[in-house]
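Subject: Structure handover

Hello,

Here is the structure I said I would pass on. Please look it over first; my notes on what was found follow below.

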Amino acid sequence: MECPFCGHLKAHKHGCTPKGHQRFKCSKCNHTFTDTLDTLYYRSQLCPEEVHTILQSHSEGSSLRGIARISGRSFNTVASLVQRAAIKGQMMHNQEIQSVDTDEVVADEMWPVVQKNRNSVPLRKSSEGTAGLQ
Ligand SMILES: [Zn+2]
């Protein structure tokens, strides 16, 4: 197996995790890792079904404290999982967006921001030679 840290091709088996995942160790950089590296399950005590339930509850609008109370997990566990999922989703989104070939961009979602900023621009006095924004 290839080492994800240094790219060395001869990472070998190095026992199992307490959850039963195969652990690998790189003979070049001595890092240990599992096949769940770079996923939401890496070094997590949550099972995939629990991760799915927590993220689905969050996407449906449940509060983090509510999810923690219902799932029986701590608030920090739930918040950490949601944050890691958000970062992972943002990274995947950014990779996909860069590969989109387009000449035009429609930015309808930006109008509330523009409207808000238009109201927050300070008006200049008419004595400065310009008419203020209206
Ligand atoms: Zn390595």
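I start with one cysteine: Cys26 is buried, with a relative accessible area of 0%. Please keep in mind that this is a predicted model.

The zinc site

Cys26 is one of the protein donors of the zinc ion; the others are Cys3, Cys6 and Cys29. Each binds through its SG atom, and the donors lie 2.2 to 2.3 Å from the zinc ion. The angles among the four donor atoms run from 105 to 119°, and the site is tetrahedral. For reference, the ideal angle for four tetrahedral donors is 109.5 degrees.

Along the chain, the donors follow the spacing C-x2-C-x19-C-x2-C. The pair Cys6 and Cys29 links distant parts of the chain, 23 residues apart. Cys6 is in the segment before β1 (11–16), while Cys29 is in the loop between β2 (22–26) and β3 (32–34).

How do the donors stand with respect to the surface, buried or exposed? Like Cys26, Cys3 counts as buried, because its relative accessible area is 2% and the cut-off for buried is under 20%. Cys6 is partly exposed at 34%, and Cys29 is partly exposed at 28%.

As for disulfides, a search of the whole structure finds zero.

The aromatic rings

The count of aromatic pairs comes to two. In one of them, the ring centres of Phe5 and Phe33 are 6.1 Å apart and the planes are at 65°, so this pair is edge-to-face. Phe5 lies in the segment before β1 and Phe33 in strand β3, so the pair ties together parts that are 28 residues apart in sequence. The two residues differ in exposure: Phe5 is partly exposed, with a relative accessible area of 42%, whereas Phe33 is buried, with 2%.

Phe33 also pairs with Phe24. Here the ring centres are 5.9 Å apart and the planes are at 25°, so the pair is stacked. Both Phe24 and Phe33 are buried. Together, Phe5, Phe24 and Phe33 form one aromatic cluster.

A charge over a ring

One further contact involves Arg65 and Phe75. The charged end of Arg65 sits over the ring of Phe75, at 4.2 Å from the ring centre.

Where to look

If you want a place to begin, display the zinc ion with Cys3, Cys6, Cys26 and Cys29, and then the cluster of Phe5, Phe24 and Phe33.

Regards

How values were computed. Residues numbered from 1 in each chain as written. Predicted model: local features only at pLDDT ≥ 70, side-chain atom pairs only at ≥ 80, totals over all residues. Heavy atoms only, no water. Donors = N, O, S within 2.8 Å, 3.2 Å for Na, K, Ca; no water. Tetrahedral: all angles 85-135°; square planar, octahedral: opposite > 155°, others 65-115°. Helix = DSSP H or I, 4+ residues; strand = E, 2+ residues; numbered from the N terminus. Buried < 20%, exposed > 50% of the residue type's maximum accessible area, 1.4 Å probe, protein only. Phe/Tyr/Trp six-rings, centres within 6.5 Å; stacked < 30°, edge-to-face > 60°. Lys NZ or Arg CZ within 6 Å of the ring centre and 35° of its normal. Disulfide = S-S within 2.5 Å.
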